[in-house]
Amino acid sequence: MANLVKFTIDGRELEAAPGTLVIDAAKRAGIEIPAFCYYEGLSLQGACRMCMVEVERMPKLQTACTLPVAEGMVVRTDTPQVAQARKGTLEFLLTNHPLDCPVCDKGGECELQDMVFRYGAGESRFTEIKHHVDEKQWSPVVYFDAPRCILCYRCVRVCDEGMGVGALGVVNRGVVAEIAPNHGDHLECDECGMCIDICPVGALTSGAYRYKTRPWEMEHVGTICTHCSNGCRTTLGVRNNQIIRGNNRDSSGINGEFLCIKGRYAFDFYDHPDRLQAPLMKVNGKLEPVSWSQALAAVARKFSDVKARGGNFGVIGSNRTTNEENFYLQKFARQVLGTNNLDHRRSGDIVSLLDALHGQQTALATTADLYQAKAVVVISADLALEHPLLSWQIRANWRHHAAHVYVVTTEPVREDKYSVNAARCAPGQELETLQALRPQLVDEPELIFVFGDTIKGEKVRKLVEFGASLGKPVKYVCLVDYANSRGAMDMGLTPELLPGYRASGMPGLTIAEMLAAEDLDVLWVVGANPLAGASLAARGAFVVVQDLFLTETAQAADVVFPACSAYEKNGTVTNVTGEVQRLKRAVQAMGTKPDLEIIGLLAREMGEAAQLGPWSADKVFAEIRATVPGYNVPLPVILTGGAAQTSPVNGRVEAPARPELIRSARNGLFSSGTLGRYSNVLHSVLEGRRQP
Amino acid sequence: MFASHPPLFSNPPHPREVIMLSKRFRLPNSASIDTFLAHGGYRSFRKALEMTADEIIAEVKTSNLRGRGGAGFPTGLKMGFVPRNSPKPKYIVVNADESEPGTCKDRLLMEYDPHSLLEGMLIAARAIDAKKGYIYIRGEYRYLIHILDRAIEEAYRHGYLGRNILGTGMDFDAYTHSGAGAYECGEESALLESLEGKRGVPRIKPPFPAQVGAFQCPTMLSNVETFCSIPYIVEMGGKAYADLGVEKAGGTKLTCLTGHLNKPGVYELPLGFPVDQLIHDVGGGIPGGRKLKAFIPGGSSCPVLTAKECEGLTMDYDAMAKRGTMLGSGGVVVMDESTDMVKVALRIMRFYQHESCGWCIPCREGTTWLRKMLQRFDEGLGRRHEIAMIGELAKNMLGRTFCALGDAAALPTISIVEKFYDEFERKLNAVSAPVPAPGPFPVLNDPPPLGVGR
């Protein structure tokens, strides 16, 4: 390649693009230059002075984190002078750092420990009294222990630059300089815990995790967060069948190092005391615990009876259950029960988008595209609260690539701050307002439109026409609510569409129609809560519910099966941008079964198992890959914890879109549908308590 | 109008002084524009208005004027670095954050001749096409802000500031801006951060302020005395100004004589003035006929010289560099044989520890450790092996900190330990050491800063 700069580090001849920092160039060549304050993607500090290197023809040691490579530059990282400088700096660092490693949460994962082990002195010459400040609690989830802090300012930068929140700053100077929260004695922010994750030492610790365990006593299970639709990888720290911690240990997911409060802390619903641990059956009008075999037999008998007499079934699926469960459920409903009365709660009009885009499979943007695109238009969504990863990606794109961000919303949003044009519109006037941006948009080399639930039906078609009229490569993201909202659509959990958006031919009832149908004989609800704020018209219907908790719907049920949460099962989910990722079981909750297994056992009990096939996640996924268009994703990518985008349909969708059914719950950072109700963390933080 | 301002000295200037920068100091009401105009004020600016920008910069380059803030960077070169054709606005920023212990010259210039600073700013503004200038004054100089604000007001009234200055179409506004008492804000990039309303911590360099300075725009940032020198260069020509000094360093320098001297004060001396005469002639000698022990040539951040090293030494940038020290800001501190050098080291370190901004590890932790250790030595609780450690720790800071504050703390410490090793030895196990005669620095009774454990 042309225009590369040639230089040497430790005698190795290397090349890099102009402007590359020495520390990055060295890292790429496998040469470690230690640093605390340097963090890829954040602004430069040059504060920790650990990355000092010798550069020929420069009298003083240079910081590799601020020094760009230059033609003919000769860098040495392995000289006695460099070793001595590292040792000296670490010695300074340890003067006021409390050596409480045995009880520090960071012990074993601490960058300072690692550096001292590798580069530091074996003994301390410091005999003065250490500076001490008492530990502070800034929020239920964030604790700050000032003496441990080495003032690398990573937390300040990630909060300001990464999150766009800027809740942390520095007060005082010199040795008493301290990181401080935005409200003096407490934090008011997104409570995302990014500051804790990025802290190289144990200065910032998690209220949910502190003093619970040592990191090496946990197993680390990388799985996908079950809350919003963004599909962040979260690493669950598991010890003795308990999830102790959620964090982002290896930054390997589509979210990089990002996690919000839900991904990091809101796994805690899983061991809420209200969690169902045995099947319940209505006995004399009261739900009583029964054995699995009793409950399964009762439901199977009822299903067979109703089927035999040609009764009416209604099946409501979930936008949190896995693709395998959704696929299996619709197969059960259609093949065993013989009904298209099958639906789930829809939150984004992906059907209209796919139909409008017919044939342009590459026009669906991925989360990575949001970081790369030259311009992003956000329409009708408060991304920072509703889709925090997408917001993070766009913000990083703006910081690193100076992407142009446009906003069309009814209310101010966080993206305004760095947008080139933040347009406010009256409700329903999004597309008209977008037209006004045309002169600017037409100059962009490429665009991604991210749109919320108010753009549906005809409006989606108009948006796509508008995008096409710009004459530039345009991609789209249709926002949906939950961890597998997109997968539920893809798997045909609707009355009118089969898996892969093929028309079902004879559309059945929607949720509202099922609830209103007075002649419904069976309502089967898997992981949903349709009776919250609604009632069932068919008073005599037999209601079966699979759920984690005794929701409003479960309370009205005749039989309730205790189901596993996403953290207790295997399978795949599809995120908002259509990327398929794999769930990995972290723990087992006593008495519960995965929905897939419950459905399978019901089929067996009814004697219909043979036609549905085995109810193991891998087998069902193999069937999905083989039969659902677009889902033939590369298996190794999925199995190794990667994400593969699906292109679900290539052509027109031969069924009418149902825009009237689409409504987003608009969950913010501190609510998450039914699961959010059972998360203590979401309710404990100030911002969560303030939710209406 | 101006309150009558008493003249600085009732005494005439010392015969060895070359009176130029200080020529209006002794006039009654010297800070007023009337006095200024009656004594040649704004004449250089009028002359500069006839010159092109390149001509002005060329004269400054010829003058060999070097920055008077301490680093001694050639001013003409610095002016030349400002990209005049940049579409961004250009700024003049005056560093009036005079905080180096031993230095008190800018104070006099601003107090007794504020208009000369404005004139220097105007000429520089003409040279780099700046429309706005800021005078960043240390918070402790609050009373000077009033004097400068009045001078600025007078200059507006007389048409030397504002729109269409003297009918030439030139626009220039000047503002004062107060620091809040941080030595670090005298570092140029930290000053800019503070000026912009941020925390006063230094920036990564490059880029230097000439390219990316105040508000991310090209900026000429120099010391008060530097700006005050510019009118004289324009007036007498760069060559004549250069001839006042030595090779590679033109002009005169306001030298602040402090410490054990019979006649301490601020004297205007040509560069290259002999140190011996500085002490014994200009400074009136050491009280009580005591002998010289140690000498700081340019503020407390310079390596300390012994009496022997001062022999044959002259006050200019290169001569000082050859002796391993710096001319610095011109803050001379003379210490006689009664001085306790451990106390001197402690006093200096206490200053830098208190002023360390906390940005980088070696300075923040190093100054604190050293202060604690020196405190112990002063109390007679030092250990023998630690004497060498003081120097080692200082060397671990030297050249490794983010800005020069770490060097400023390390250099005097290293020199004192090396050159006065025996005094540290004598303090070992001397818990009840006799209290020495009062030194030049008040040491004993100031408590450690709030919140700092010992």
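**Exercise 1.** Which residue forms a salt bridge with Asp422(B), and how far apart are the closest N and O atoms?

*Solution.* Start with the ground rules. This is a predicted model, where local features need pLDDT of at least 70, side-chain atom pairs count only at pLDDT 80 or more, and totals for chains, interfaces and linings use all residues. Residues are numbered from 1 along each chain as its sequence is written, chains are lettered from A and ligands numbered from 1 in the order in which they are written, and side-chain values use heavy atoms, with hydrogens and water left out.

Step 1: apply the criterion. A salt bridge puts a side-chain nitrogen of Lys or Arg within 4 Å of a carboxyl oxygen of Asp or Glu. Asp422(B) meets it with Arg426(B), at 3.0 Å between the closest N and O atoms.

Step 2: place the pair. Both sit in helix H17 of chain B, 4 residues apart, so about one helical turn separates them. Helices (H or I, at least four residues) and strands (E, at least two) are DSSP runs, numbered from the N terminus.

Step 3: check accessibility. Buried means under 20% relative accessible area, exposed over 50%, and partly exposed in between (1.4 Å probe, protein chains only). Asp422(B) is partly exposed at 38%. Arg426(B) is exposed at 59%.

**Exercise 2.** Find a salt bridge that joins two chains, and give the burial of its ends.

*Solution.* Step 1: the count over all chains is 74 salt bridges. Glu128(A) and Arg376(B) form one of them, at 2.5 Å from N to O.

Step 2: Glu128(A) lies in the loop between helix H3 (111-119) and strand E6 (136-139) of chain A, and Arg376(B) lies in helix H14 of chain B, so the pair joins two chains.

Step 3: Glu128(A) is buried at 10% relative accessibility. Arg376(B) is buried too, at 8%.

**Exercise 3.** How many disulfides does the structure hold? Why is Cys360(B) not bonded to Cys363(B)?

*Solution.* Step 1: a disulfide needs two cysteine sulfur atoms within 2.5 Å. The count over all chains is 0.

Step 2: the cysteine sulfur closest to that of Cys360(B) belongs to Cys363(B), and at 5.3 Å the two are too far apart for a bond. Cys360(B) is buried, at 5% relative accessibility.

Step 3: treat Cys232(A) likewise. Its closest cysteine sulfur is in Cys228(A), 6.1 Å away, again too far for a bond. Cys232(A) is buried at 8%.

**Exercise 4.** Classify the ring pair Tyr42(B) and Tyr160(B).

*Solution.* Step 1: rings of Phe, Tyr and Trp (its six-membered ring) pair if their centres lie within 6.5 Å; planes under 30 degrees apart count as stacked, over 60 as edge-to-face and the rest as tilted. The total over all chains is 29 aromatic pairs.

Step 2: Tyr42(B) and Tyr160(B) are 3.9 Å apart centre to centre with 10° between the planes, hence stacked.

Step 3: Tyr42(B) is in the loop between helix H1 (33-38) and helix H2 (43-50) of chain B, Tyr160(B) in the loop between helix H7 (142-157) and strand E3 (162-165), 118 residues away. Both are buried.

**Exercise 5.** What is the strand order of the open sheet in chain A?

*Solution.* Step 1: two strands pair if DSSP finds at least two bridges between them. The 5 strands run in the order E2-E1-E5-E3-E4, with mixed pairing.

Step 2: strand E2 (12-16) and strand E4 (62-63) are the edges, each pairing on one side only.

Step 3: E3 (52-55) and E5 (74-76) are antiparallel and joined by 2 bridges. Val55(A) has Val75(A) as its bridge partner in E5(A).
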